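Biologist: Before we start, I would like each label tied to its cut-off.

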Amino acid sequence: MKNKLILFSLLLSLASSFTFAQPPKDFSFKEWTPGMAWFKNAKLGIFIHWGLYSVKGISESWSMYHKRISFEDYMAQAKGFTAENYNPQQWAKLFKEAGARYAVLTTKHHDGFALWPTKFSHLNVVEKTPAKQDLVGPFCDALRQEGLKVGLYFSLCDWSHPDYKPVVFARKGVVNGSYPTDDYPHQGLENLSPWQRFIRFYQGQLEELMSQYQPDLLWFDGDWEHSAQEWQAAELRKKLKTINRNVILNSRLRGYGDYKTPEQGIPITPPKGPWEFCMTINDSWGYQPKDTNYKSSYQIIRTFSECLAMGGNLLLDVGPKADGTIPEPQVQRLKDLGQWIKKHEEAVYQTVAGLPWGHFYGPTTLAPDSQTIYLYLLNTPKEFVALKGLHNKIKKIRVIGQPDSKLKWKISGGAPWNNIPGVVLINVPEKLLDPFVTVLAVEIEGKVKLYRAPGHAVQLND
Ligand code: GLC
C-alpha cells in the first residue's frame, strides 16, 4: 500500500511538471508580425556557438550539466578563452559570402557565461577571460557593415545562477548554486524571492542586449524548465516589442515568439507559419575538434533546398575556436554553399514554398508570381526528369546558372481534352548538371494550375 502511495505521488508530481511544460497554443504564427519581412526572404542564417566550451572542445554547457566536468574545471576554461584572433569583419564577410542574410551569436548559453560585459553578473568575458573585451558589440557592427541582420541567442535558463534551480530534467545536485553568490550582485534585492530576483536578472540582461546592441532578432533557448507564466513570457514579449516593435523572437519563449525553431531533424511536413531549421555542420554546436563527422557541402545544399521548398529558412551552425577563428572545414562548407547560392540566386531568395508533394520527386519552389516553377535535382537524372499534373502550357525550361540553356521536353500521355495533363519529360544534358544540386526553371503561361485529382475515366476519345 505504502509503495502504491509513493508511486501515485511520484506520478502526480511528474504529471504536474509536464502540465506546466506544455507550450501555450500558437498565438503568433497566424500571420507575419512586423519585422518579419526581411526574415521571410532571408533563407539562410549562420548560427555561431561560441563560449568557454571551445577551450577544451567539450559540449556547450551540457558537459557541465551531465557532470562530465566539474563546475570549477568548466569555468576554469575562461583562462584559455583568448579571442586573440577574433575578427568579426572577417566572420561577417564569410557569412555574406556564404549567402546568409543574418547571423545569430550565443551571447549567453545555459552555463550563464556572458560574451558581453553585463552589469548583472561578473561571469562575463571582460571580467573573467584574457579576451577582456566585449565580443557582442563588434559582432553586431561587423554584420551591419556587411548589410546582414543581427541575431542574438540568449539562454533563459542559467545553470550557474544561485537563484536559478534547474527543474525538469535536472539530477539532484548536478550544477547550480556552485558559483559564488558574489558574482551576482543583487544588493537591495534581498527581500525578493530567489525566483523574483532571477526574473529581474534575466530580463535585465535582455534589456541590456536590447539597448546596447539593438538586435533585429532574439533567439531564445532553454525555456523548457519553466512555464510561460513563470518566465512571464507574455509580459516579456510585450516589453521587448515596446523597446523595438520590429525585433523578432523565435518560439523558444514558451511559444511567445514570431517563428518556429525546429532543430537537427529537417521537418517532414512543414511547420505552420514562418520557421527556421537550425542544424549543426558536424554533430556539435560548439567547437569540438574530435568531431570530424562533417556534413558534406552536397548534404548541406540539399537540406537547404528542402528548407526552401517548404518555405523555411536554414540556420546553419558553426563553432569557432577559443581564439575566434572558424575551423577550416567549416569555412570550406560555407564557401561551397555561397558559390551554389550565388549561381542559383534566382531560385533562392525570392522564392516561396513549392508544389505539394506528388508532382515532382524532389524539392520545388515557385517564383513570387507563380509563373516559374523551380525544380531542384538532388540526384543525377536518368533518361529524363518528370513533372506531373501541370495544366499550364510551358513556355521554356532552362537550367539556372547556365545562360541560354533551353532544354527540350515532351509531354507524354494524358488527355488534355478531358482535363488530364500528361507528364512533362525533360531532357537534361549531363554537361549542364551542377556538381551539387541542379535547378531547372520551368516557365509557364499564367499562374501555376495543378491537377490534383485521384484520376478518372476519359469519357470522350478520338
Ligand atoms: C539545444 C541545446 C543547445 C543548443 C541549441 C541550439 O536546445 O540545449 O545546446 O544551443 O539546442 O538550437
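**Labels and cut-offs**

Modeller: At 8% relative accessibility, aspartate 221 counts as buried. This is a predicted model, in which local features need pLDDT of at least 70, side-chain atom pairs count only at pLDDT 80 or more, and totals for chains, interfaces and linings use all residues. Residues are numbered from 1 along each chain as its sequence is written, and side-chain values use heavy atoms, with hydrogens and water left out.

Biologist: Why is aspartate 221 called buried?

Modeller: Buried means under 20% relative accessible area, exposed over 50%, and partly exposed in between (1.4 Å probe, protein chains only). Aspartate 221 has 8%, so the label is buried.

Biologist: What makes the pair of arginine 252 and aspartate 221 a salt bridge?

Modeller: A salt bridge is a side-chain nitrogen of Lys or Arg within 4 Å of a carboxyl oxygen of Asp or Glu. The N to O value for arginine 252 and aspartate 221 is 2.9 Å, and the pair therefore qualifies. Arginine 252 is also buried, at 13%.

Biologist: Why is lysine 96 called partly exposed?

Modeller: Its relative accessibility is 43%, so lysine 96 falls in the class between buried and exposed. Its salt-bridge partner glutamate 146, with closest N and O atoms 4.0 Å apart, counts as buried at 18%.

Biologist: How do you know that glutamate 60 makes a polar contact with the ligand?

Modeller: A polar contact is a pair of N or O atoms within 3.5 Å; within protein, one must be able to donate a hydrogen and the other to accept it, and residues adjacent in sequence count only if both atoms are side-chain atoms. A ligand oxygen is 2.6 Å from an N or O atom in the side chain of glutamate 60, so the pair counts.
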